[in-house]
Amino acid sequence: MAGNRDHSGIGSGLALTLGSAVLWGLAHLWTGRRVTGTLLMGTYLAIVTTVTSALVTGGPEVLSLIVQPGWLWVFTLGAVLFAVATVAVVVRSYRLVRPRTLSGAARYLSALAVGGLCALVIAPMAYAARLAYISQKMVASVFATSATPIPVDPWNGRERLNILLIGADAAANRTGVRTDSMTVASIDTRTGSTVLFGLPRNLEHVPMPEGPPREHFPFGFGGEPPYTPGLLNEVYQYAEEHPDMVPGVPAGRRGPALLKQTISEFTGLDVTNYVMVDMFGFAKIIDAMGGVKVTIKDPIVYGRQNEGLIPAGTRKLSGEEALWFGRSRTYGDDYVRMGRQKCLMNAVTKQADPVTVLRSFERLAEATAHAVSTDIPRELLPNLIELSEKVKGSKIRSFQFVPPLIDTGNPDYLLIKHKIAHVLARSADSSTTTASGSARTAQRHTGNGPASLDTVCG
């Protein structure tokens with residue numbers, strides 16, 4: 001078939017070159033180079049089959065690799081090498097099949113067409129390499145390395161994983177950080193069954209953990225009267241400003257450390273990790289997504305000077321509008337706001353589909369790196385991704401410790417511990433009614449009590 005080159009025109013030559021970009025070795029086989037063509041084609045098919053199979057059947061295992069910086073570098077290098085190899089095959093294929101008599105303008109035009117084809121080959125591989133690089137950068141900036149080795153099975157002997165989810169309100173006109181949204185996600189490591197325990201920011205006289213905090217506040221957290229009322233949402237900043245509360249812990253880690261210990265103390269849960277999202281950074285994440293759609297039951301006052309309203313109805317909110325949707329307490333209370341915040345988080349989670357994430361990946365990664373802080377070690381991420389697959393397949397229940405169940409001015413902390421133990425016991429038994437049903441019963445709206453989630457948004 002070597003003579004085929006002599007009889008091929010510019011059109012067929014370019015077609016064979018294009019075919020070789022899609023399937024390595026095609027031009028080589030056409031020109032009689034069977035061994036080289038077969039090797040190229042077999043290599044290409046092996047690569048494509050392996051990658052496709054991994055993406056289709058790999059599931060959590062593949063996802064666990066893309067949060068490991070080492071593997072992200074492997075993906076980056078692999079994408080670059082594949083692009084270089086394909087370009088080399090395209091150029092060689094063109095040289096094999098181009099007509100011998102080609103000259104003048106046709107020669108330059110065909111070379112330009114091949115150059116364009118090479119650019120088309122490089123572009124997606126370069127984009128994939130860039131996404132891998134951005135992912136590596138984001139993982140490295142958000143998740144620190146573990147100070148101790150992570151076991152192969154970190155859930156061995158550990159029935160539940162308790163993570164504190166914090167929404168921080170660090171406004172430009174306010175000193176320090178207020179943790180205005182606090183939820184403990186308690187996850188069954190065997191089944192993925194999850195219960196979200198919502199904690200009001202205004203719980204008073206919070207029992208403190210043993211050591212310096214309890215010695216300083218033997219009757220519960222009191223803040224710094226008369227400057228602060230001594231609420232749960234002050235514990236974070238108090239620890240940051242008083243290093244003696246958590247000796248040996250560096251600045252920036254003291255707040256989360258004491259807050260985790262404090263919540264562990266009065267809930268009876270072993271809260272091991274936290275994830276904190278700055279609300280203003282959260283607004284940037286929503287803007288990067290292109291907005292978030294929610295159904296608003298009642299108009300929401302918008303802006304610091306009450307300059308307008310976010311009307312009721314189903315609408316797409318910008319990041320700033322979503323921020324006010326989650327923060328506003330006008331014509332409502334903390335408990336209505338807690339419901340809106342959970343509604344907003346649910347809406348963002350549902351609407352962050354793969355297409356949206358891929359389309360806005362770079363902006364999302366940058367916003368996330370600036371908005372999220374955590375003490376979850378990056379070495380634990382593969383295990384958490386596998387656990388998250390179980391969470392997706394289970395029902396997530398919610399229980400909020402709000403009036404009339406709990407009087408935030410004089411909380412019954414023994415009742416809180418009892419309720420948590422009861423809810424988790426019921427959650428572990430799939431034959432009983434769900435804890436969310438108990439939560440709704442305990443949270444029926446009574447004028448001054450909290451509204452259910454459905455009364456604030458859809």
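This passage describes the internal cavities of a predicted model and its annotated transmembrane spans. Local features require pLDDT of at least 70 and side-chain atom pairs count only at pLDDT 80 or more, whereas totals for chains, interfaces and linings use all residues. Numbering starts from 1 along each chain as its sequence is written, and side-chain values use heavy atoms, without hydrogens and water.

Two cavities of 30 Å³ or more are present. A cavity is a set of points, on a 1 Å grid over the protein atoms alone, where a 1.4 Å probe fits but cannot get out; lining residues have an atom within 4 Å of a point. Volume is the space filled by probe spheres set on the points, which are joined across faces, edges and corners.

The largest cavity encloses about 40 Å³, with G167, D169, D180, S181, M279, R327, R337 and Q341 as its lining. At least two of these residues come from each of β1 (160-169), β2 (178-188) and α13 (334-351); helices (H or I, at least four residues) and strands (E, at least two) are DSSP runs numbered from the N terminus. Four lining residues are charged, three polar and one nonpolar, where Asp, Glu, Lys and Arg count as charged, Ala, Val, Leu, Ile, Met, Phe, Trp, Tyr, Cys and Pro as nonpolar, and the others, Gly among them, as polar.

The second largest cavity, of about 30 Å³, is lined by D180, R201, D334, R337, M338 and Q341. Helix α13 gives the largest share, four residues. This lining comprises four charged, one polar and one nonpolar residue.

An unreviewed UniProt entry places "transmembrane region" at residues 12-31, 38-59, 71-94 and 106-127; such annotations may be inferred rather than shown by experiment. Residues 71-94 are 100% helix and 0% strand, with end C-alpha atoms 34 Å apart. Residues 12-31 are 80% helix and 0% strand, with end C-alpha atoms 13 Å apart.

Conventions. 1 Å grid on protein atoms, 1.4 Å probe; cavity = no way out; pocket = protein on both sides within 12 Å on 5 of 7 lines; lining within 4 Å.
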